Amino acid sequence: MNKVLRDSIHSSLSVDGFSTALHISNEELDYIYQSIWNIFLYRLQLISPGHANRYLDSYKHLSSYHLSPELTDLHAKIWSKEARVLSPLFVNWFKQSNFWQQLEKCFGPLSISDEDAYGWENIYWRLVRPNMVNDVGPLHRDSWFWQLNSDFKKPEFPFKRIKIWIAVLTDPGLNGLIVVPGSHLDSNIQWHGELRHGKCKPVLDSDPLKFNQELIPTQPGQCIIFDDNLLHGGAINRAPSTRISLELTLIQPLIV
């Protein structure tokens, strides 16, 4: 990574709270998709034997997930957060990838958070069906989750959190991530926490309509790097196909 690109990323993070300057190669994106596909089929077979084979016969691709009426009925049962965490094997591959090398050239030595205390670093994928409001999260700051949940595993050294969102299957302008540029610097955003599904989750009190929300038009393989305090949320999927994305939280040690 050259100095111009590195400085551009840091400048965008400082001013806007996010950067879209990094991409994953097609080869690495294919590996990510195949890893998710394997989990997808395995999970289907666990929940309802026969679903995986029927899906393979009829649809053959994750972008067509929403077309199966059987899976629509089972969606909430199948795809809890725990079912979408990637394995330690995938994490090991990810941390040897060219993309990871680019991240470390930009930010220095990094690790990935294990907020859910699985014993390995947490990388999750997300599945968003067309026109399904409940498949996406509302505007929030990721830092609020860490404030609300004292059991989230934190390093025993000074650190900064940086969020990574990667487009796997997306239609630019029709689905993806919504951000509020510059909101990481806003100290007047009102919110509170609520206990839902056994975990404290943040709820925005400030009127969402007052914020300048921007849907970032992401191509598959494009990465959004953003500040832990940036206000963001998922866009309702207006594309005719299912959206797939990957997300993780970087831990950057701070020198004090």
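In the predicted model, Leu44 is in contact, once neighbours within four places in sequence are left aside, with Pro49, His51, Ala52, Tyr55, Leu71, Ile78 and Trp79. This leucine is found in helix α2, and, with a relative accessible area of 2%, Leu44 is buried. One of its partners, Ile78, is 34 residues away in sequence, yet the C-alpha atoms of Leu44 and Ile78 are 7.4 Å apart in space.

Three of the partners named for Leu44, namely His51, Ala52 and Tyr55, also appear among the α3 residues that take part in the contact between helices α2 and α3. In general, two packed helices are described by the angle between their axes and by the distance between the axes. For helix α2 (residues 26-47) and helix α3 (residues 51-58), the axes come within 7 Å and cross at roughly 130°, which makes α2 oblique to α3. On the α2 side the contact involves Trp37, Phe40, Leu41, Leu44 and Gln45, and these residues meet His51, Ala52, Asn53, Tyr55 and Leu56 in α3. Sorted by class, the residues of this contact comprise seven nonpolar and three polar residues, with no charged residue among them.

Helix α2 also holds Ser35, a residue that counts as buried because its relative accessibility is 14%, the cut-off for burial being under 20%. When residues up to four places away in sequence are not counted, Ser35 touches Leu86 and Phe90.

A second helix pair is formed by α1 (residues 3-15) and α6 (residues 98-107), whose axes come within 9 Å and cross at roughly 75°, so that α1 is roughly perpendicular to α6. In this pair, Arg6, Ile9, His10 and Leu13 in α1 meet Lys105, Cys106 and Phe107 in α6. The contact of α1 with α6 contains, by class, four nonpolar residues, one polar residue and two charged residues, whereas the contact of α2 with α3 includes no charged residues.

Beyond α6, Leu110 lies in the loop that leads from α6 to β2 (111-112). Leu110 counts as buried, since its relative accessibility is 9%. With neighbours within four places in sequence set aside, the contacts of Leu110 are with Lys95, Trp100, Leu103, Glu104, Leu250, Ile251 and Gln252. Gln252, one of these partners, is 142 residues away from Leu110 along the chain, while the C-alpha atoms of the two residues are separated by 5.2 Å.

Another buried loop residue is Ser183, which is placed between β5 (176-179) and β6 (191-196) and which counts as buried because its relative accessibility is 4%. Apart from neighbours within four places in sequence, Ser183 is in contact with Arg141, Ile189, Asn229, Leu230 and Leu231.

Two further loop residues were considered for their backbone conformation. Most residues other than glycine have a negative phi. Ala117, in the loop between β2 and β3 (123-128), nevertheless has a positive phi of about 55° although it is not a glycine. With a relative accessible area of 52%, Ala117 is exposed. A positive phi, near 60°, is likewise found at Asn131, a residue other than glycine that lies in the loop between β3 and α7 (142-148). Asn131 is partly exposed, its relative accessible area being 47%.

Taken over its full length, the chain has seven helices and eleven strands. Its radius of gyration is 18 Å, close to the 18 Å that the globule rule gives for 256 residues, and the chain is therefore as compact as a globular protein of that length. The C-alpha trace spans about 55 × 40 × 35 Å along its principal axes. Of the 256 residues in the chain, 49% are buried, and the accessible surface comes to about 12500 Å², with 52% of that surface belonging to carbon and sulfur atoms. Among contacts between residues at least 6 apart in sequence, 78% join residues at least 24 apart; the pairs Leu44 with Ile78, 34 residues apart in sequence, and Leu110 with Gln252, 142 residues apart along the chain, illustrate such separations.

Notes
Residues numbered from 1 in each chain as written. Predicted model: local features only at pLDDT ≥ 70, side-chain atom pairs only at ≥ 80, totals over all residues. Heavy atoms only, no water. Axes fitted to C-alpha atoms, helices over the stretch in contact; angles between N-to-C directions. Helix = DSSP H or I, 4+ residues; strand = E, 2+ residues; numbered from the N terminus. Parallel < 35°, antiparallel > 145°, perpendicular 65-115°, else oblique. Contact = heavy atoms within 4.5 Å. Nonpolar A, V, L, I, M, F, W, Y, C, P; charged D, E, K, R; others polar. Rg over C-alpha atoms; globule rule 2.2 N^0.38 Å. Buried < 20%, exposed > 50% of the residue type's maximum accessible area, 1.4 Å probe, protein only. Areas by Shrake-Rupley, 256 points an atom, 1.4 Å probe, with all protein chains shown as cover.
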